Amino acid sequence: MYIAEQLRTKNISEYLLYMWQVEDTMRAYRLDAERIATEYIPLFGLDEEKSKALKEWYESLIQMMREEWVTEQGHLQVNKNVLIMLTDLHQQLLKSSKQPFYSAAYYKALPFIVELRSKGESHDKGEIENCFDALYGVMLLRAQRKEISAETAIAIDHIAKFIGMLSEYYKKDKAGDLDL
């Protein structure tokens, strides 16, 4: 909750990846709020008041996951909404002649996005979601200390730069400083 709040204002892409990790963490605890409260939350070293608030946050997310039928896989609608906003902004930026650097970053990453789509089960997903899937997948591999091929590292580097740029434009847009 506390990390999510900070990331949401600082970097929307990191926020989304973090929230996907939160979803998976809750699944790892089998959506058991009591286990999360007794086994996971203490790892953060929070005081009693903050721990209680964090437990309530997890409980609300668990309830949402159950109501939205994403207990085994998939993402909460609030997270899908972030992805929708980023996809909409992406389309606006591509259409704008005032943002050539964004278009250049996109077209530099596009061959890697296309390759990822052709290799995976992501044909029905949009390009932005494919990028997040790739970033999240590599994040999980690194957390497991698994090897990442040189080709994948190059692809992820281009995708990360592109998504990072999208995040910066999102921040500017939210501040009212984006000229499209």
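The legends below describe close-up views of one predicted model. Local features are given where pLDDT is at least 70, and side-chain atom pairs count only at pLDDT 80 or more, whereas totals for chains, interfaces and linings use all residues. Residues are numbered from 1 along each chain as its sequence is written, and side-chain values use heavy atoms, with hydrogens and water left out.

**View 1. Helix H2 and the cap at its N-terminal end.** Helix H2 covers residues 12–28, where a helix is a DSSP run (H or I) of at least four residues, numbered from the N terminus. Its 17 residues reach 24 Å from the first C-alpha to the last, close to the 24 Å expected at 1.5 Å a residue, the expected span being 1.5 Å times one less than the number of residues. H2 is mostly covered, since 13 of its 17 residues are buried; buried means under 20% relative accessible area, exposed means over 50%, and partly exposed lies in between (1.4 Å probe, protein chains only). At the N-terminal end, Asn11 caps H2 through a side-chain oxygen that lies 3.0 Å from the backbone nitrogen of Ser13.

**View 2. Arg30 and Leu31 in the loop between H2 and H3.** Just after H2, Arg30 takes a positive phi of about 55°, although Arg30 is not a glycine. Leu31 also has a positive phi of about 55° and is likewise not a glycine. Are these two loop residues buried or exposed? Arg30 is exposed because its relative accessible area is 70%, whereas Leu31 is buried because its relative accessible area is 8%.

**View 3. The packing of helices H3 and H4.** Helix H3 (residues 33–40) and helix H4 (residues 48–67) pack at an angle of about 145°, with their axes 9 Å apart; the axes are lines fitted to C-alpha atoms, for helices over the stretch in contact, and angles run from 0 to 180 degrees between N-to-C directions. The crossing of H3 and H4 is right-handed, a term used if the near helix is turned clockwise from the far one by less than a right angle. Which residues meet here? Ala33, Glu34, Ile36, Ala37 and Tyr40 in H3 meet Lys55, Tyr58, Glu59 and Ile62 in H4, contact meaning heavy atoms within 4.5 Å. The residues of this contact divide into six nonpolar, no polar and three charged, in a scheme where Ala, Ile and Tyr are among those that count as nonpolar and Glu and Lys among those that count as charged.

**View 4. Gln77 in helix H5.** Gln77 has its place in helix H5, which covers residues 77–95, and Gln77 counts as partly exposed because its relative accessibility is 34%. Leaving aside residues up to four places away in sequence, Gln77 touches Glu68 and Ile84. The C-alpha atoms of Gln77 and Met65, which are 12 residues apart along the chain, are separated by 9.0 Å.

**View 5. Asn130 in helix H7 and its link to Arg117.** Asn130 lies in helix H7 (residues 127–143) and counts as buried because its relative accessibility is 5%. A polar contact of 2.9 Å joins the side chains of Asn130 and Arg117; such a contact is a pair of N or O atoms within 3.5 Å, and within protein one must be able to donate a hydrogen and the other to accept it, while residues adjacent in sequence count only if both atoms are side-chain atoms.

Key:
Helix = DSSP H or I, 4+ residues; strand = E, 2+ residues; numbered from the N terminus.
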